[in-house]
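Open your viewer and get your selection tool ready. We will move from one selection to the next, pausing at each to see what is there.

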Amino acid sequence: MACASPALIGGTHFFLFVVVTFFIATLLWTFVYLLGIREVLNLPINWILTELINTGIATLLYLIAFIVQLASWSNLYGHGRGSNIAAGVFGLFNFLAYAAGTYFLYVEHRSAGV
């Protein structure tokens, strides 16, 4: 987030939107697990499928966002170019982490037989 702030061009606006949105969503899922909210709430929610869908959407949007960020800044020169290229590379790392998470959640969902 810090590498791409402040957003100087349109592609960076979208990149920061994706980063901040899924940073907050990931924090919420972390608190759901740490506080044991899944076990306390007696709601008919398939939590693994819900998290799989959330992580899958994050993976797809991070894929688009890091490509947009790198494409937007690859042909520009001047103030902020290096940090915004670094932000795009970190977006690639986040994409890979979310893709791995999506895969592991998919395997867990399939093994649960639900």
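Here is a short tour in four stops, through a model that is predicted.

**Stop one: the annotated spans**

Start by selecting residues 14-35, 47-73 and 85-106, which an unreviewed UniProt entry labels "transmembrane region". Look at how two of these spans are built. Residues 14-35 are 95% helix and 0% strand, and their end C-alpha atoms lie 32 Å apart. For residues 47-73 the span is 100% helix and 0% strand, with 38 Å between the end C-alpha atoms.

**Stop two: a nonpolar patch**

Next, select Val 20, Phe 23, Ile 24, Leu 27, Leu 28, Phe 31, Leu 34 and Leu 35, and switch on the surface. Together these residues form a nonpolar surface patch with about 790 Å² of accessible area. Now zoom in on one of its members, Phe 23, which you will find in helix H1 (residues 10-34). Is Phe 23 buried, partly exposed or exposed? Its relative accessibility is 42%, so Phe 23 counts as partly exposed, because that class runs between 20% and 50%.

**Stop three: aromatic company**

Show the aromatic side chains. A search of the whole structure turns up six aromatic pairs. One of them to select is Trp 29 with Tyr 33, a tilted pair whose centres are 6.3 Å apart and whose planes make an angle of 40°. Why are these two about one helical turn apart? Trp 29 and Tyr 33 both belong to helix H1 and are four residues apart, so about one helical turn separates them.

Colour the pair by accessibility and compare the partners. Trp 29 counts as buried, because its relative accessibility is 13%, while Tyr 33, at 37%, counts as partly exposed. Then add Trp 47 to your selection: Trp 29, Tyr 33 and Trp 47 form one aromatic cluster.

**Stop four: a buried threonine**

Finally, move to helix H4 (residues 81-112) and pick out Thr 102. This threonine has a relative accessible area of 18% and is therefore buried, since the buried class covers values under 20%. Which side chain does the side chain of Thr 102 meet in a polar contact? Select Thr 59 to see the partner: the two side chains make a polar contact at 2.9 Å. Before leaving, show the backbone of Tyr 98 as well, whose oxygen lies 2.8 Å from a polar atom of the Thr 102 side chain. With Thr 59 and Tyr 98 both displayed, you can view the side-chain contact alongside the backbone one.

Key: Residues are numbered from 1 along each chain as its sequence is written. This is a predicted model: local features need pLDDT of at least 70, side-chain atom pairs count only at pLDDT 80 or more; totals for chains, interfaces and linings use all residues. Side-chain values use heavy atoms; hydrogens and water are left out. Patches are made of residues with over 30% relative accessible area and no salt bridge: like charges are joined within 9 Å, nonpolar side chains (Val, Leu, Ile, Met, Phe, Trp, Tyr) within 5 Å. Accessible areas come from the Shrake-Rupley method with a 1.4 Å probe; for residues, only the protein chains shown count as cover. A salt bridge is a side-chain nitrogen of Lys or Arg within 4 Å of a carboxyl oxygen of Asp or Glu. Buried means under 20% relative accessible area, exposed over 50%, partly exposed in between (1.4 Å probe, protein chains only). Rings of Phe, Tyr and Trp (its six-membered ring) pair if their centres lie within 6.5 Å; planes under 30 degrees apart count as stacked, over 60 as edge-to-face and the rest as tilted. UniProt positions are given in the numbering used here, feature names are shortened, and annotations may be inferred rather than shown by experiment. A polar contact is a pair of N or O atoms within 3.5 Å; within protein, one must be able to donate a hydrogen and the other to accept it, and residues adjacent in sequence count only if both atoms are side-chain atoms.
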